[in-house]
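Grab a pencil and work through these exercises with the model open beside you. Each task comes with a solution that goes step by step.

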Amino acid sequence: MAVVVWIVEGTWPACVDAARTHAPDYAEIVLLHVTGHDVADAAHGAFAGLLGRGHPERDPGTRVEHLAAASAETLLGAAAERLGRPCTRVERTGRVEREVVAATEDADLLVLARDGDRSRLGPHSLGPASRFVVDHAPCPLLLVWPEPAPGLTTMPPPPPPHR
């Protein structure tokens, strides 16, 4: 059994805890972090377009890429330590939602956390990337709340009846 745990800043502890609780001891666990390419691409583009070409050593996009990689490594290390069992750490870069879906191609389970409005129940508790993953993942999902779920009174009212 292959379990992918999507590691995202701010919500990863709940995902790791869910994997620890629900994944069988024999499961192969992959801790997955995806760094979006948009920030580094913007820095590269600004440098090339506004600050001039010919000095690649001054390109701030390269520095952003190195900082993102170091941050991802630290986050994956903390997640592995919290998991407390053998696992594989995977760092990918690209369109976050598409990279997560691609990484789950051969998975038996994906563990992810709600990342939208977590103050009430409902569809807005998922951000755009998570919604895409929920809609497109080729495997079963375990969707967790990063903190205790809001009460049932926060559920949106039903739509009005059709007349």
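**Exercise 1.** Which residue in β5 stands opposite alanine 113?

Solution. Before you start, note that this is a predicted model.
- Step 1: Find strand β5, which covers residues 141–144.
- Step 2: Look across from alanine 113, and you meet valine 144 in β5.
- Step 3: Do it again for valine 111, which stands opposite leucine 142 in β5.
- Step 4: Put the pairs in context: β4 and β5 pair in the parallel sense over four bridges.

**Exercise 2.** Work out the order of the strands in the sheet.

Solution.
- Step 1: List the elements of the protein from the N terminus on: β-α-β-α-α-β-α-β-α-β. That gives five helices and five strands.
- Step 2: Turn to the other neighbour of β4. Strand β1 (residues 2–6) pairs with β4 in the parallel sense over three bridges, and valine 5 stands opposite valine 111.
- Step 3: Now write the whole order, β3-β2-β1-β4-β5, for an open sheet with parallel pairing.
- Step 4: Mark the edges: β3 (88–94) and β5 each pair on one side only.
- Step 5: Add the twist. Neighbouring strands of this sheet are turned by 25° against each other on average, direction ignored.

**Exercise 3.** Is strand β4 buried or exposed?

Solution.
- Step 1: Use the cut-off: a residue is buried when its relative accessible area is under 20%.
- Step 2: Go through residues 109–113. Five of the five are buried, so β4 is largely enclosed by the rest of the structure.
- Step 3: Sort them by face. Leu109, Val111 and Ala113 sit on one side, Leu110 and Leu112 on the other, and all are buried.
- Step 4: For the background, 36% of the 163 residues of the protein count as buried.

**Exercise 4.** Describe how helices α4 and α5 lie on the sheet.

Solution.
- Step 1: Take α4 (residues 96–103). This helix lies across β1, β2, β3 and β4, and runs at about 160° to β2.
- Step 2: Take α5, which packs on the sheet and touches β1, β4 and β5; its direction makes about 160° with that of β4.
- Step 3: Follow the chain through β4, α5 (residues 128–136) and β5: together they make a right-handed β-α-β unit.

**Exercise 5.** Which residue forms a salt bridge with arginine 82?

Solution.
- Step 1: The partner is aspartate 17, with the closest N and O atoms 2.7 Å apart.
- Step 2: Locate both ends. Arginine 82 is in helix α3 (residues 60–83) and aspartate 17 in helix α1 (residues 12–22), so the pair ties together parts 65 residues apart in sequence.
- Step 3: Widen the view: Asp17, Arg20 and Arg82 are linked in a network of salt bridges.
- Step 4: Try another of the seven salt bridges in the structure: arginine 131 with aspartate 135, at 3.7 Å between the closest N and O atoms. These two are four residues apart in helix α5, so about one helical turn separates them.

**Exercise 6.** Which residues does histidine 37 touch, not counting residues up to four places away in sequence?

Solution.
- Step 1: Find histidine 37 in the loop between β2 (28–36) and α2 (38–51).
- Step 2: List the contacts: Thr93, Gly94 and Arg95.
- Step 3: Check one of them. Histidine 37 and arginine 95 are 58 residues apart in sequence, but 6.6 Å apart in space, C-alpha to C-alpha.
- Step 4: Look at the exposure: with 31% relative accessibility, histidine 37 counts as partly exposed.

Methods. Residues are numbered from 1 along each chain as its sequence is written. This is a predicted model: local features need pLDDT of at least 70, side-chain atom pairs count only at pLDDT 80 or more; totals for chains, interfaces and linings use all residues. Side-chain values use heavy atoms; hydrogens and water are left out. Buried means under 20% relative accessible area, exposed over 50%, partly exposed in between (1.4 Å probe, protein chains only). Contact means heavy atoms within 4.5 Å. Two strands pair if DSSP finds at least two bridges between them. A crossover is right-handed if, with the strands pointing away from the viewer, the path from the first strand over the helix to the second runs clockwise. Axes are lines fitted to C-alpha atoms, for helices over the stretch in contact, and angles run from 0 to 180 degrees between N-to-C directions. A salt bridge is a side-chain nitrogen of Lys or Arg within 4 Å of a carboxyl oxygen of Asp or Glu.
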